[in-house]
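Visitor: Please show me the structure, and then let us discuss how its interior is packed.

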Amino acid sequence: MNIQLDHLVPIPLRDKIKQQGSEVWDRAITLDAGQFVKIKAPSGTGKTTLVHYLYNIRYDYSGQVLLDGKAWAGFSKNEVASLRQQQISIVFQDLRLFDQLTARENINLKRTMHPGQPYCTEERVMEMADALQVLHVLQQSAKTLSYGERQRIAIIRALTQPFTWLFMDEPFSHLDAANANRAAQLIAVECNRRQAGFVLTDLDADTHFDYHVHYHL
Ligand SMILES: Nc1ncnc2c1ncn2[C@@H]1O[C@H](COP(=O)(O)OP(=O)(O)OP(=O)(O)O)[C@@H](O)[C@H]1O
């Protein structure tokens with residue numbers, strides 16, 4: 001599935017964008033299936049806004065986001081839900097774990113969402129948790145975890161569902177270098193396994209991946 005940004009402009013940032021210009025806003029851009037895409041921008045320039053537009057949870061923009069040529073607005077509610085279960089996964093900047101659930105239950109929400117067998121085996125979840133050093137917190141309620149632990153659980157949760165695109169909003173912001181490296185390795189393995197692409201936003205340059213494209217927002 002390719003993703004096109006057709007002259008996308010956030011209404012609250014319209015004047016700022018007109019003054020400053022951008023490689024993304026108000027441009028015609030196609031993100032091809034399987035691409036590793038980096039979006040770099042300073043704080044407050046719209047990274048989270050862009051990710052929310054891509055995931056279709058915010059609509060205060062002009063222009064369009066199209067999936068294989070069809071605008072988000074053209075999909076029914078059921079089709080949107082199905083796209084989020086089968087095609088598009090996400091690591092939100094604010095993570096959006098459910099505090100009342102354990103870390104393991106948070107992961108299982110996505111893993112077991114689609115019909116039939118869970119997409120990812122229990123063993124693979126344990127391997128990922130082990131690799132990211134969060135095995136020992138799986139039974140704890142999410143609200144008791146540190147932000148970095150929550151971030152690693154959110155990454156595992158996103159990687160245990162099917163997807164052809166993964167959106168990640170500053171996913172390593174609270175990870176030490178070793179855990180960020182291990183998380184990046186897992187992300188690359190899981191994307192390659194699915195021949196999936198990802199869009200990763202960050203404040204700075206990032207050397208964790210061989211990106212196909214870089215954009216300055
Ligand atoms: N719903 C909204 N209405 C009006 N302005 C908004 C809204 N959401 C965000 N903004 C503004 O848009 C700008 C971009 O916000 P956004 O959160 O997308 O930036 P960001 O690049 O992700 O920042 P950070 O790196 O600090 O997370 C900010 O100036 C913010 O105040």
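The exchange below concerns nonpolar cores and one helix pair.

Guide: This is a predicted model, in which local features need pLDDT of at least 70, side-chain atom pairs count only at pLDDT 80 or more, and totals for chains, interfaces and linings use all residues. Residues are numbered from 1 along each chain as its sequence is written, and side-chain values use heavy atoms, with hydrogens and water left out.

Visitor: Which element gives the largest share of the largest nonpolar core?

Guide: A nonpolar core is a set of buried Ala, Val, Leu, Ile, Met, Phe, Trp, Tyr and Cys residues joined through side-chain atoms within 4.5 Å, where buried means under 20% relative accessible area with a 1.4 Å probe, protein chains only. The largest has 39 residues, and Leu166, Phe172, Ile187, Phe198 and Phe209 have the most contacts inside it. Elements giving two or more residues include α6 (147-159), β7 (165-169) and α7 (177-194), helices (H or I, at least four residues) and strands (E, at least two) being DSSP runs numbered from the N terminus. The largest share, seven residues, comes from α7.

Visitor: How are α4 and α5 oriented to each other?

Guide: Their axes, lines fitted to C-alpha atoms over the stretch in contact (heavy atoms within 4.5 Å), are 12 Å apart. The angle, on a scale from 0 to 180 degrees between N-to-C directions, is about 130 degrees. Angles under 35 degrees count as roughly parallel, over 145 as roughly antiparallel, 65 to 115 as roughly perpendicular and the rest as oblique. The two helices, α4 and α5, are therefore oblique.

Definitions and conventions: Buried < 20%, exposed > 50% of the residue type's maximum accessible area, 1.4 Å probe, protein only.
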